[in-house]
Amino acid sequence: MSEIRSVDRLVADLVRDVPDYPKPGVVFKDITPLLAEPEAFAHTVDALGAPWRDATPRVDKVVGIEARGFILAAPVALALGAGFVPVRKAGKLPGPTHSRSYALEYGQETLEVQRNAFEPGDRVLIVDDVLATGGTVEATHALVRDAGAEVVGISVLLELTFLAPRTRTGDLTVHSLLPV
């Protein structure tokens with residue numbers, strides 16, 4: 001990456017559309033070209049965490065949603081000096097879990113988080129790659145609440161505004177690097 005580009009331009013230039021994946025009519029957003037560029041990836045991580053860097057009180061945990069959310073959330077957690085908590089598909093986490101089922105644009109899914117992932121009152125940032133219909137984030141928000149923590153915001157790489165995902169995020173602050 002030799003030229004200097006804004007983060008929204010990096011995202012627009014390096015995330016590619018894959019039509020009809022995983023099923024006909026869905027346009028998959030492939031973030032792997034962005035991840036392959038170390039400078040672009042570093043700028044992206046910095047931008048995802050920026051609104052919460054100086055938050056008072058601070059963010060205690062950053063939740064990453066399976067699977068691509070893990071890739072983005074873990075380095076955001078490190079940058080914020082916070083812990084990382086994975087939210088996974090059903091049956092993938094050991095021990096007792098909280099679970100939530102939800103509808104997504106091409107089916108239904110169940111997400112889980114370990115029951116001991118948060119301390120009561122933890123302030124949590126949800127990080128994911130794409131905010132589409134909002135169902136995944138809505139279910140994750142419910143999981144965090146079920147575990148006794150508080151979601152302070154959502155940070156995503158892409159927001160598919162034509163699907164109106166913010167109708168399902170309530171009054172949470174949503175930070176998207178590239179609304180499309």
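## Close-up views of a predicted model

**View 1. Glutamate 112, a buried charge without a salt bridge.** In this predicted model, glutamate 112 is buried yet forms no salt bridge, and the nearest side chain of opposite charge, arginine 88, is 8.5 Å away. If you are looking for the residue along the chain, glutamate 112 sits in strand β6, which covers residues 107-114. Its side chain does have polar company: one of its polar atoms lies 3.1 Å from the backbone nitrogen of glycine 91. The side chain of threonine 97 also joins that of glutamate 112 through a polar contact of 3.5 Å. Setting aside neighbours within four places in sequence, the residues in contact with glutamate 112 include Pro86, Val87, Lys89, Ala90, Leu93, His98, Ser99 and Leu143. Arg88 belongs to that list of contacts too, even though no salt bridge is formed.

**View 2. The largest nonpolar core and the elements that build it.** This core holds 29 residues, and those touching the most other members are Val59, Val62, Val76, Leu80, Leu125, Val127 and Leu157. At least two core residues come from each of α1 (7-14), α3 (38-49), α4 (68-80), β7 (123-131), β8 (150-159) and β9 (173-179). Helix α4 gives the largest share, with five residues. Another core lies apart from this one; it has 23 residues, including Val63, Leu111, Ala147 and Leu172.

**View 3. The surroundings of valine 59.** Here we zoom in on one of the core residues that touch the most other members. Beyond its neighbours within four places in sequence, valine 59 is in contact with Trp52, Leu80, Ala82, Arg123, Leu125 and Val152. Two of these partners, Leu80 and Leu125, are also listed among the core members with the most contacts to other members.

**View 4. Helix α5 and the glycine that follows.** Helix α5 runs over residues 135-146, so to speak a 12-residue stretch. From its first C-alpha to its last, the helix reaches 16 Å, close to the 16 Å expected at 1.5 Å a residue. Buried positions in α5 are Gly135, Val137, Ala139, Thr140, His141, Ala142, Leu143 and Val144. One of them, Leu143, is also a contact of glutamate 112 from the opening view. After the helix comes glycine 148, with a positive phi near 90°.

**View 5. Two cis peptide bonds, one ending at proline 57 and one at alanine 67.** The bond from threonine 56 to proline 57 is cis, with omega near -10°. Proline 57 belongs to the loop between α3 and β3 (61-65). The other cis bond links glutamate 66 to alanine 67, and here omega is about -5°. Alanine 67 is in the loop between β3 and α4.

**View 6. Positive phi at aspartate 20 and alanine 164.** Neither residue is a glycine, so both are worth a look in your backbone plots. Aspartate 20 has phi at about 60° and is found in the loop between β1 (16-19) and β2 (27-30). For alanine 164, phi is near 55°, and the residue lies in the loop between β8 and β9. With a relative accessible area of 36%, alanine 164 is partly exposed.

**View 7. Glycine 81 in the loop after α4.** Glycine 81 is placed in the loop between α4 and β4 (83-89). Its relative accessibility is 47%, and glycine 81 therefore counts as partly exposed. Although 23 residues separate glycine 81 from arginine 58 in sequence, their C-alpha atoms are 9.2 Å apart in space.

Note on methods:
Residues are numbered from 1 along each chain as its sequence is written. This is a predicted model: local features need pLDDT of at least 70, side-chain atom pairs count only at pLDDT 80 or more; totals for chains, interfaces and linings use all residues. Side-chain values use heavy atoms; hydrogens and water are left out. Helices (H or I, at least four residues) and strands (E, at least two) are DSSP runs, numbered from the N terminus. The expected span of a helix is 1.5 Å times one less than its number of residues. Buried means under 20% relative accessible area, exposed over 50%, partly exposed in between (1.4 Å probe, protein chains only). A nonpolar core is a set of buried Ala, Val, Leu, Ile, Met, Phe, Trp, Tyr and Cys residues joined through side-chain atoms within 4.5 Å. Contact means heavy atoms within 4.5 Å. Lys and Arg count as positive and Asp and Glu as negative; His and the chain ends are not counted. A salt bridge is a side-chain nitrogen of Lys or Arg within 4 Å of a carboxyl oxygen of Asp or Glu. A polar contact is a pair of N or O atoms within 3.5 Å; within protein, one must be able to donate a hydrogen and the other to accept it, and residues adjacent in sequence count only if both atoms are side-chain atoms.
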